[in-house]
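Good morning, colleagues. Please bring the sequence and the model up on your screens, and we shall go through a few features together.

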Amino acid sequence: MESVEESVKLAAFAVAVAAEFAGSILSKITEKTAGHFWSMRKEDLKEKTEKSIKSAIESAFGDFVAQFPEGQAIESTQILRDFFKSKTFNEEIGKLILADGKSPNLQTLYQAFLSAGYKEDMLRGFDFNKAMNAFIAKFKEEISDIIEHRRNEEKGQLKTYLDQVAKTCGQLTFIGMPELKEKKDLCLDDIFVPLKAQKQIPS
């Protein structure tokens, strides 16, 4: 159990990490959806999304450090800082929001944790996979509404695109027959005859 002072310091650290991560994810969402994720919805959606991501990171961070041996989380602040602010962490945890069906790679995350300064058996009784799974579970729980919004937005964009392609490519415009007084686009279904085959019987 962390002391009150240690808990306050860890909470402040979580806030800083959450703000940086949220900013990175918002930029990627904007880039991936060409800004439509925000423009087609209420103006305050971006702010709400940022707030939700921050809250999710802070809650998940609490579940992660809860797996540390008593009093050891605050002693590992530098490792935690380098790990949670690493590019690898942003990319792997970002998959939960940006990539359907993809989960963070625990081995990749563990390598990033080692790169941050953690050494095997540095913390007696600490299980990185267990801690990371606790983090991921909490984070997914907290951002479920954001994931659903993004999925719906991308499905809508895909449907609009496919409808436009079908409409554009399904019409033939005759431009080489000036004697026709009325130029009218024809649907492909109106001019193509379905192919029918009949088996020939030898005479």
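In this predicted model, the axes of helix α5, residues 87-98, and helix α6, residues 106-115, come within 9 Å of each other and cross at roughly 160°. That angle makes α5 roughly antiparallel to α6, because angles over 145 degrees count as such. The crossing of these two helices, α5 and α6, is left-handed. As for the residues that meet there, α5 contributes T88, F89, E92 and I93, while α6 contributes T108, L109 and A112.

I should like to stay with one of these residues, E92, which lies in helix α5. Is E92 buried or exposed? Its relative accessible area is 9%, and E92 is therefore buried, the limit being under 20%. The side chain of E92 is joined to that of K95 by a polar contact of 3.0 Å. Setting aside residues up to four places away in sequence, E92 touches S103, P104, N105, T108 and L109.

Let us turn to a second pair of helices. For helix α3, residues 45-65, and helix α4, residues 77-84, the axes come within 13 Å and cross at roughly 135°. This makes α3 oblique to α4. The crossing of α3 and α4 is right-handed. On the side of α3, the contact is made by F61, F64 and V65, and on the side of α4 by L80, F83 and F84.

Between α3 and α4 there is a loop, and S76 has its place in that loop. With a relative accessible area of 5%, S76 falls under the 20% limit and so is buried. Which backbone atom does the side chain of S76 reach? The partner is the backbone oxygen of Q72, at 2.9 Å. Leaving aside neighbours within four places in sequence, S76 is in contact with F68 and L123.

My third topic is helix α7. What span should its 15 residues, 128-142, have? At 1.5 Å a residue, the expected value is 21 Å, because the rise is multiplied by one less than the number of residues. The end C-alpha atoms of α7 are 21 Å apart, which agrees with that expectation. At the start of α7, a side-chain oxygen of D127 comes to within 3.1 Å of the backbone nitrogen of N129. The buried residues in α7 are F128, A131, M132, A134, F135, I136 and F139.

Also in helix α7 is K138. From C-alpha to C-alpha, K138 and S59 are 7.0 Å apart in space, although 79 residues separate them in sequence. Apart from residues up to four places away in sequence, K138 touches S59, A60 and D63.

Finally, I turn to the chain as a whole. Its secondary structure comes to 9 helices and 2 strands. Along the sequence, the pattern reads α-α-α-α-α-α-α-α-β-β-α. Of the 203 residues in the chain, 32% are buried. Among contacts between residues at least 6 apart in sequence, 69% join residues at least 24 apart.

To recapitulate the two helix pairs, α5 is roughly antiparallel to α6, whereas α3 is oblique to α4. The crossing is left-handed for α5 and α6 and right-handed for α3 and α4. Thank you for your attention.

Conventions. Residues are numbered from 1 along each chain as its sequence is written. This is a predicted model: local features need pLDDT of at least 70, side-chain atom pairs count only at pLDDT 80 or more; totals for chains, interfaces and linings use all residues. Side-chain values use heavy atoms; hydrogens and water are left out. Helices (H or I, at least four residues) and strands (E, at least two) are DSSP runs, numbered from the N terminus. Buried means under 20% relative accessible area, exposed over 50%, partly exposed in between (1.4 Å probe, protein chains only). A polar contact is a pair of N or O atoms within 3.5 Å; within protein, one must be able to donate a hydrogen and the other to accept it, and residues adjacent in sequence count only if both atoms are side-chain atoms. Axes are lines fitted to C-alpha atoms, for helices over the stretch in contact, and angles run from 0 to 180 degrees between N-to-C directions. Angles under 35 degrees count as roughly parallel, over 145 as roughly antiparallel, 65 to 115 as roughly perpendicular and the rest as oblique. A crossing is left-handed if the near helix is turned anticlockwise from the far one by less than a right angle, and right-handed if clockwise. Contact means heavy atoms within 4.5 Å.
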